[in-house]
Amino acid sequence: MKEISEGQRSLLEQFRRQGHSIDRGINLIYHFVRQKSEDEPLDPAWTTIWDKHKKYARTRLPRSLFKSIDETLARIELIDKEVFGIRINENTRITFLLGAGASTPSGIPAVDKLLSELWKRARKIGREDLDRLAKWCNERGITNIEDLLTAAYISNFAAKNRNITSLLDYFIFSGGREVSEEEEEEEEYLPSRHRPSITSEIDVSSISSLQDTLQTLFALLTSTMISAVPNHANEAIVDFVKEHKETTIITTNYDGCMDEALLRTGMGLKGTIASHNEHRDNSDAVELIKMHGSINWAYCDSCHDAREFDLLELKKLYEEDKISYPVMGICKNCGGLRRPLLVPPLSFKFLMFPDLVNIWNSARQSIEGADYLVVVGYSFSEADAYIMKVISRSMFITKNQKMIIINTNKNLVPVLRERFSAHLDGFDDRRILQVCKNCEEILPNILKSIRGKARKNKKTKSTPKKSTR
Ligand SMILES: [Zn+2]
């Protein structure tokens, strides 16, 4: 492959210094794209530059010209080539952080598809309050399951604590100002806008029952994940872990794909609910930290016992139709209600499961101790504020820590670079490396390459980089 030309490099440098007007910028991009030779590769930085200029360029350039520039720049492969220059040694500590995107190849629906699935299931139950809620959400374009579950949790909590309900009303609706007469009159015609006086009429039991049903539906939804099987990304991680002991895997996924891939090779797991409870010290086991729970974990509402069931066994029994998946069960300890331990993505939710505090602590330690964080299909969503804070702190205290972000969303890395630069003084944004590609395709190559095992190294430096530790 041809190298990036000196001309391209100095042009990018000009954009970095941002010394020119937007018109001049468009002009420079236009001439560069027209004149560059067919086989000269494009630096990924062009995507960000073009995103900034695109809207204006559309109004300035003839349609056909705009289209040809846009198409050329859309073909850029957004992979920072430093990724293939990384070499680790046996002491380099690697922490994987897996998000929903790491399980998409196993056929697990993306978060944005979950709510419509949930409504489909709700219809089967035939409950009027659910139908009403579904209709209300649809009419308002509410499509995010995280928003729905968060609102249900908060409402249930607030409804049971009257003072909090009125305070919420104060903060959100009135802000403490007096309601004018006109507004009061208006209210008569707008009965949907609730005032504090209505607090006393809140039907606590129906809110609680609705939240309970939503939680059960959510468990029902995730139970479909039990049939999912490991994908190439999971397998690539297993191959890597076998050779490289200094590895931790953190996942926010409930499914058992990563666990199964590891267990099938006979490896033990540590960092799960069972290993925490039993204080097992299995030094050969792989640390797999499931921050949001797991389909094979259960939690008792009454005695707060957290339990892990054998994933492979559970799966086998389910596949052979010898048991149905226990969305709700009876606790053997106390006879209370046992449900799957699944944490809906809420930033405060883990406080409800004391056992998860240990798990979250281990996750924090693994993130802070890593030389490289390999982040696969994780979207850094707002609901996971805790993880973002931990990573941000970790990048601050461990100055040479780097992140490799494998994600098909091309905007993720630019946003992260901006966010980290804004929060951390003098942050070098090249510590965040971008790999914008399907994880099943690229992760096996990257992991082989950093172990120095890639079959053909495309132009990697001849002197392997020393490990950062
Ligand atoms: Zn119990």
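Guide: A residue counts as exposed if 12 or fewer other C-beta atoms lie within 10 Å of its own, and as buried if 20 or more do. The model discussed here is a predicted one.

Visitor: Which residues of α5 are exposed, then?

Guide: Asp112, Lys113, Lys120, Arg123 and Lys124 are exposed, on the other side of α5 from its buried residues. The buried residues of that helix are Leu114, Leu115 and Leu118.

Visitor: Why do the buried residues of α5 line one face?

Guide: Viewed down the axis of α5, the buried residues fall within an arc of 95 degrees, so they line one face of the helix. As background, an α-helix has 3.6 residues a turn, so residues three or four places apart point the same way.

Visitor: What do the buried residues of α5 pack against?

Guide: They pack against α7 (145-160) and α10 (204-223).

Visitor: How far does α5 reach, end to end?

Guide: Its 15 residues reach 22 Å from the first C-alpha to the last, close to the 21 Å expected at 1.5 Å a residue. Just after α5, Gly126 takes a positive phi of about 65 degrees.

Visitor: And on the other flank, where is Pro109 found?

Guide: Pro109 sits in the loop between β1 (94-98) and α5 (111-125). Not counting residues up to four places away in sequence, Pro109 touches Leu114 and Glu117. The C-alpha atoms of Pro109 and Thr222 are 9.7 Å apart, although 113 residues separate the two in sequence.

Visitor: How does Pro109 count by its C-beta neighbours?

Guide: Pro109 counts as partly exposed, because it has 15 C-beta neighbours inside 10 Å.

Visitor: Changing topic: how does the length of α16 compare with what it should span?

Guide: At 1.5 Å a residue, the 13 residues of α16 (385-397) should span 18 Å, and the end C-alpha atoms are 18 Å apart, which agrees.

Visitor: Which residues of α16 are buried?

Guide: Ile387, Ile391, Ser394 and Met395 are buried. Seen down the axis of α16, the buried residues fall within an arc of 100 degrees, so they line one face. Lys389 and Ile397, on the other side of α16, are exposed. The buried residues of α16 pack against α15 (354-368) and α17 (412-423).

Visitor: At what angle do α2 and α4 pack?

Guide: Helix α2 (residues 22-35) and helix α4 (residues 63-74) pack at about 70 degrees, with their axes 10 Å apart. That makes α2 roughly perpendicular to α4, because angles of 65 to 115 degrees count as such.

Visitor: Which residues make that contact?

Guide: Ile29, Tyr30 and Val33 contribute from α2, and Leu65, Ile69 and Thr72 from α4. By class, the contact has five nonpolar residues, one polar and no charged.

Visitor: One more residue: where does Glu260 lie, and what is it in contact with?

Guide: Glu260 lies in helix α12 (residues 257-264). Leaving aside neighbours within four places in sequence, Glu260 is in contact with Pro230, Leu311 and Leu312. Glu260 is partly exposed, because 18 other C-beta atoms lie within 10 Å. Its C-alpha is separated by 9.8 Å from that of Ala228, which is 32 residues apart along the chain.

Visitor: Finally, how many helices and strands does the chain have?

Guide: The chain has 18 helices and eleven strands. Buried residues make up 28% of its 469 residues. Among contacts between residues at least 6 apart in sequence, 80% join residues at least 24 apart.

Key:
Residues are numbered from 1 along each chain as its sequence is written. This is a predicted model: local features need pLDDT of at least 70, side-chain atom pairs count only at pLDDT 80 or more; totals for chains, interfaces and linings use all residues. Helices (H or I, at least four residues) and strands (E, at least two) are DSSP runs, numbered from the N terminus. Two residues are in contact if their C-beta atoms, placed from the backbone, lie within 7 Å. Axes are lines fitted to C-alpha atoms, for helices over the stretch in contact, and angles run from 0 to 180 degrees between N-to-C directions. Angles under 35 degrees count as roughly parallel, over 145 as roughly antiparallel, 65 to 115 as roughly perpendicular and the rest as oblique. Ala, Val, Leu, Ile, Met, Phe, Trp, Tyr, Cys and Pro count as nonpolar, Asp, Glu, Lys and Arg as charged, and the others, Gly among them, as polar. The expected span of a helix is 1.5 Å times one less than its number of residues. The arc is that of the directions from the helix axis to the C-beta atoms.
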